[in-house]
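Welcome! Open your viewer, keep the selection tool handy, and let's walk through this model one stop at a time.

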Amino acid sequence: MQRHLISAADLTRDDAVLILDTAEEMARVADRPIKKLPTLRGRTIVNLFFEDSTRTRISFEAAEKRLSADVINFSAKGSSVSKGESLKDTAQTLEAMGVDAVVIRHGASGAPYRLATSGWIDAAVVNAGDGTHQHPTQALLDAFTMRRRLVGRDTGLGRDLSGRRITIVGDVLHSRVARSNVDLLHTLGAEVTLVAPPTLVPVGVGNWPCEVSYDLDSTLVKSDAVMMLRVQRERMNAAFFPTEREYSRRYGLDAERMAKMPGHAIVMHPGPMVRGMEITAEVADSDRCTVVEQVANGVSIRMAVLYLLLGGNEPALSHARQPVAHHPATERVAPPTGSEEK
Ligand code: NCD
């Protein structure tokens with residue numbers, strides 16, 4: 001990982017564990033009555049959202065504000081993008097305003113990479129989801145949630161997901177969440193199985209570091225975490241399965257199916273959930289479902305990522321691989337109470 005976070009595949013195991021450990025420090029800030037650190041005071045971050053978002057946008061904004069950054073929210077609706085302005089012109093406008101980081105969500109796979117490598121802009125670029133390609137902070141918050149639930153809250157380089165069995169179920173074809181999770185979970189030592197109807201399995205999946213199964217029931221019984229995906233109708237231009245009822249019956253998670261999972265196993269969902277389709281209300285509202293926890297963890301992860309990419313005068317993440325116990329992040333994110341911003 002360099003100055004930008006474009007793909008979960010760019011993260012080394014050390015990078016990923018450093019982000020997860022830094023997020024644990026950040027999570028401690030969230031437990032305080034005053035949830036603010038002065039770390040990014042004077043830095044400007046733009047949230048550039050060309051696609052709809054609830055959780056991701058709010059979560060980035062909360063993370064930026066907790067680090068005291070100046071935040072500018074830009075959504076394509078209501079901007080000159082709807083008048084036909086290009087990504088290049090939008091980027092140059094932001095550059096003229098002197099932004100330090102751009103968090104971008106875009107419907108086109110590759111847009112954040114283009115922004116980071118084009119020379120149009122000098123800021124750090126964080127991918128908040130591009131087309132069907134990548135959503136690296138979602139994979140990081142999912143890994144953080146799994147690590148807390150399945151491994152424990154202690155930090156350190158030995159704390160990865162080695163040997164944990166993770167099943168990802170649903171519309172893998174259109175899911176940037178699935179792609180990012182497969183990459184990161186593999187890096188962290190987990191064994192991933194994708195379960196989907198054959199029509200929703202991407203071509204070339206044989207080269208991905210995971211298994212593929214079409215049988216949910218036989219996979220559930222040996223899973224430590226089961227991640228349900230939404231069927232992304234907005235990205236579909238054909239019928240990929242006969243009926244919703246048929247899809248739910250074969251690939252949806254209801255209480256009866258959930259009961260087949262090992263006692264410790266958790267149910268995850270990146271949101272937004274379509275209750276009654278990929279997940280029943282009973283499962284979504286059960287104690288085993290971590291969907292709300294994932295949202296809370298997302299703020300800590302995004303604080304960690306922004307801190308590590310921009311943190312004070314610290315070098316970029318790729319140059320900052322020091323033993324975690326002595327990493328400046330650990331000292332800086334938990335300043336003595338007196339130095340906190342009130
Ligand atoms: C997902 C996304 O937008 O990629 N949601 C999210 O970021 N939490 C998944 C989805 O839209 O189904």
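Which atom of the ligand is 3.3 Å from an N or O atom in the side chain of Q138? Select the ligand together with Q138 and look: a nitrogen atom of the ligand is the one at that distance. Keep in mind as you go that this is a predicted model.

**Stop 1: around the ligand.** Stay with the ligand and add R105, whose side chain places a polar atom 3.1 Å from a ligand oxygen atom. Next, select R230; here a polar side-chain atom lies 2.8 Å from an oxygen atom of the ligand. Now switch on the surface: taken alone, the ligand exposes 320 Å², and the protein buries 93% of that. To fill in the surroundings, show the other residues around the ligand, including T56, H135, R176, V177 and Q232.

**Stop 2: a cis peptide bond.** P270, G271 and P272 are also among the residues around the ligand. Zoom in on the bond joining G271 and P272: this peptide bond is cis, with omega about -10°. Most peptide bonds are trans. P272 sits in the loop between β9 (266-268) and α10 (281-284).

**Stop 3: a positive phi.** Move to the loop between α2 (55-66) and β2 (70-75), where you will find S68. S68 is not a glycine, yet has a positive phi of about 65°.

**Stop 4: two packed helices.** Finally, select α1 (residues 13-30) and α11 (residues 291-310), which pack at about 115° with axes 8 Å apart. Their crossing is right-handed. The residues of this contact are twelve nonpolar, two polar and no charged. Among them, show L18, I19 and M26 from α1, and I301, M303 and Y307 from α11.

Technical notes. Residues are numbered from 1 along each chain as its sequence is written. This is a predicted model: local features need pLDDT of at least 70, side-chain atom pairs count only at pLDDT 80 or more; totals for chains, interfaces and linings use all residues. Side-chain values use heavy atoms; hydrogens and water are left out. Axes are lines fitted to C-alpha atoms, for helices over the stretch in contact, and angles run from 0 to 180 degrees between N-to-C directions. Helices (H or I, at least four residues) and strands (E, at least two) are DSSP runs, numbered from the N terminus. A crossing is left-handed if the near helix is turned anticlockwise from the far one by less than a right angle, and right-handed if clockwise. Contact means heavy atoms within 4.5 Å. Ala, Val, Leu, Ile, Met, Phe, Trp, Tyr, Cys and Pro count as nonpolar, Asp, Glu, Lys and Arg as charged, and the others, Gly among them, as polar. A residue is near a molecule or strand if one of its heavy atoms lies within 4 Å of it. A polar contact is a pair of N or O atoms within 3.5 Å; within protein, one must be able to donate a hydrogen and the other to accept it, and residues adjacent in sequence count only if both atoms are side-chain atoms. Accessible areas come from the Shrake-Rupley method with a 1.4 Å probe; for residues, only the protein chains shown count as cover.
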